[in-house]
Amino acid sequence: MIISVASGKGGTGKTTVAVNLALSLKNIQFIDCDVEEPNAHIFLKPRIAGEKKANIPVPEVDEAKCTYCGKCREVCAYHAIAVLPGSDGKKGSVLIFPHLCHGCGACSLLCPQGAIKEVNKEIGAIEIGEKGNMQFIHGRLNIGEAMSPPLIRQVKEYINSTRTVIIDAPPGTSCPVITAVKESDFCMLVTEPTPFGLNDLILAVEVLRKLQIPFGVVINRSDIGDGKVEDYCANEHIPVLMKIPFSREIAVSYSEGVPIVEKDASYQDKFINLYLNICGIKNEANSRH
Amino acid sequence: MKQIAVISGKGGTGKTVVTGSFAALAKNKVMVDCDVDAADLHLLLHPEVKERHEFRSGQTAVIDKKLCKKCGKCASVCRFGAIKSDYTIERFSCEGCALCSHICPRGAIRMEENVAGEWFVSDTQYGPFVHAKLGIAEENSGKLVAKIRQIAKELAQKQNLEYVIIDGPPGIGCPVIASLSGVDCALVVTEPTLSGLHDAKRVMEVVTYFNIPIKLVVNKYDLNPLMTGKIEEFCRSLNVPVIGKIAFDKTVVKALVEGTTVIEYAECAASNEVKKIWEDLQ
């Protein structure tokens, strides 16, 4: 089963829930898809065994073959190519803007002269490791790189579905989140009981409904703020899977990179229950179909 | 006119609480919420929407079932796995590159423009506010950010406003880069946790990459004074001024629940510190 952990709002406790759930179960593969700001490694402290560069293909023009016809510029949907035609016997030129390129391959495939080949551009790295029996994988986007979805896709190629896979997703509701949670069997939305938490939870719920992924909610710092998140979940028939009250002790151990279950072993049962809760909802859904 | 972007790397460190307080403190400014896929600033500013515009951006492929002969050419060239086995388009995977439409031998694929969101110009009791809502599961958040920043800048020039104050998104990717381009100062709000420091370091590298001056604020600094010390030490090594340390204060959450800024809600340690931070930014 692939379980992803997401939230509209950042900083609600996605990584906390993902890491502690992973540490409470057996046969886990942990995948941190928040490639812009990966944090799970801070808590899991995995032994990293290998690193692989993540690349996307970007065009390179062979100016000996290029006739400056402009076809590549015309087909590039991302305005990543500019062509200056030659004039008065002067040679033209082709400018490539790699940071705009999505690596779709249209220019190289459609160039009438076969003058464009693709070369690798590094956008980040994927690190693979382990923590005890747990497999650990995360991606790290290079600084200044705008597009995280290609890296997230490459990280997800490592999914091993013979294990229980836990995916830590980035915050938000746009393409990086979609790429991370797509194809999950279940998604946990972590929120906090404040107007910001509720507002962004509603957006995240819309995303999951659109993607048709079954989901439930974990309310973190459940005793601060107000009761509107719970009211919303009740009205929308969204299961509240777990509530984690605010504790200064948990907050401090979080700040030091110590998972809750290592501070307070009683939490292990609570996270196992969270997992059983998810399995129960999945089984119920399967038996209905 | 001075443009200030509030960013953090890590989410949930208090960007919007700080930005919202600036709304109550600063005179002559336009506020902009650039966290377009999970916007929250409107919950504090209570905008009255004056203008509403569609944001059209990007395209999605559509296969005409009558013309399609299921030859498989499109699926063989699509790198985003967007062509399903029944020759329909997986909307959330399609990146709108249009390669399939160029390659289809029967011309059965056309591209349709996406309505990827909406943007608004609003009035608030704090002055003008430009904000947006990215459509659910849409892309091109960076372009939407660039759009509302351009609108805010024009508005500031027209009305002779002194500041454009930007609430930025978390992360380091395209909407963050779009929020930062051309600003006069980036204010990084972080928290005294290993994650907060790790993420602040990465986002500060991005800011430095674009040659933008940085100032930093540690929120909830007293949750871990030791970690706060490490953050300050790190900032010293980069010559980044730490212009404020906000104590953990439940009043901040209470103000939030009431839908108001901490400045207006109560005089407390947090509100006094934010006032000091705003003075420094001026």
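**Entry 1: a strand inside chain A**

I began with strand β7 of chain A, residues 134-141, and found that 7 of its 8 residues are buried, so the strand is largely enclosed by the rest of the structure. A note to myself before going on: this is a predicted model.

Next I looked up the partners of β7(A). On one side I found strand β2 of chain A, residues 28-32, which runs parallel to β7(A) and is joined to it by 4 bridges. Two of the facing pairs went into my notes. Phe30(A) stands opposite Phe136(A), and Gln29(A) has Gln135(A) as its bridge partner.

Then I turned to strand β6 of chain A, residues 116-131. It pairs with β7(A) in the antiparallel sense, over 8 bridges. Here I wrote down Ile126(A), whose bridge partner in β7(A) is Gly139(A). The hairpin of β6(A) and β7(A) has 2 residues between the strands, and Gly132(A) takes a positive phi near 60° in this hairpin.

A reminder for newcomers like me: strands of a sheet pair through backbone hydrogen bonds, and they can do this parallel or antiparallel.

**Entry 2: the whole sheet**

In which order do the strands of this open sheet of chain A lie? I traced 9 strands in the order β3-β6-β7-β2-β8-β1-β9-β10-β11, with mixed pairing. The edges are β3 (47-61) and β11 (240-244) of chain A, and each of these pairs on one side only. Between neighbouring strands I noted an average turn of 20°, direction ignored.

I then checked which helices pack on the sheet. Helix α1 of chain A, residues 14-24, touches β1 (2-6), β2, β7, β8 (164-168), β9 (186-191) and β10 (215-220) of chain A. The direction of α1(A) makes about 160° with that of β8(A). Helix α5 of chain A, residues 149-156, also packs on the sheet, where it touches β2, β3, β6 and β7 of chain A. The direction of α5(A) makes about 165° with that of β7(A). So my opening strand, β7(A), is on the contact list of α1(A) and on that of α5(A).

**Entry 3: domains**

I looked up how the chains are divided. The domain assignment of chain A gives domain 1 as 2-55 + 123-288 and domain 2 as 63-114. Their centres, taken over C-alpha atoms, are separated by 42 Å.

For chain B, the assignment gives domain 1 as 2-46 + 125-281 and domain 2 as 58-115. The C-alpha centres of these two domains of chain B lie 40 Å apart. How many residues does each domain of chain B give to the contact? I found 5 from domain 1 and 4 from domain 2. On the domain 1 side of chain B, the residues divide into 1 nonpolar, 2 polar and 2 charged.

**Entry 4: where the chains meet**

I went on to the contact of chain A with chain B. Here 52 residues of chain A are in contact with 51 residues of chain B. On the chain A side, the elements that give two or more residues are α4 (106-110), α6 (175-181), α7 (195-211) and α9 (248-255). The largest share, 9 residues, comes from α7(A). By class, I noted 25 nonpolar, 18 polar and 9 charged residues on this side of chain A.

**Entry 5: two helices of chain B**

I picked out helix α1 of chain B, residues 15-25, and helix α11 of chain B, residues 269-281. They pack at an angle of about 70°, with their axes 10 Å apart. α1(B) and α11(B) are therefore roughly perpendicular to each other. From α1(B), the residues Val18(B), Ser21(B), Phe22(B) and Leu25(B) meet Val274(B), Lys275(B) and Trp278(B) of α11(B). By class, this contact has 5 nonpolar, 1 polar and 1 charged residues.

**Entry 6: two unusual backbone angles**

Most residues other than glycine have a negative phi, and I looked for exceptions. His79(A) has a positive phi of about 55° although it is not a glycine. It lies in the loop between α3 (71-75) and β4 (81-84) of chain A. Is His79(A) buried or exposed? With 10 C-beta neighbours inside 10 Å, His79(A) counts as exposed.

In chain B I found Asn211(B), with a positive phi of about 60°, and again not a glycine. Asn211(B) lies in the loop between α7 (194-209) and β8 (214-219) of chain B. It has 6 C-beta neighbours inside 10 Å and therefore counts as exposed.

Terms used. Residues numbered from 1 in each chain as written. Chains lettered and ligands numbered in written order. Predicted model: local features only at pLDDT ≥ 70, side-chain atom pairs only at ≥ 80, totals over all residues. Contact = placed C-beta atoms within 7 Å. Nonpolar A, V, L, I, M, F, W, Y, C, P; charged D, E, K, R; others polar. Buried ≥ 20, exposed ≤ 12 C-beta atoms within 10 Å, placed from the backbone. Pairing = 2+ DSSP bridges. Axes fitted to C-alpha atoms, helices over the stretch in contact; angles between N-to-C directions. Parallel < 35°, antiparallel > 145°, perpendicular 65-115°, else oblique. Domains from an automatic or database assignment.
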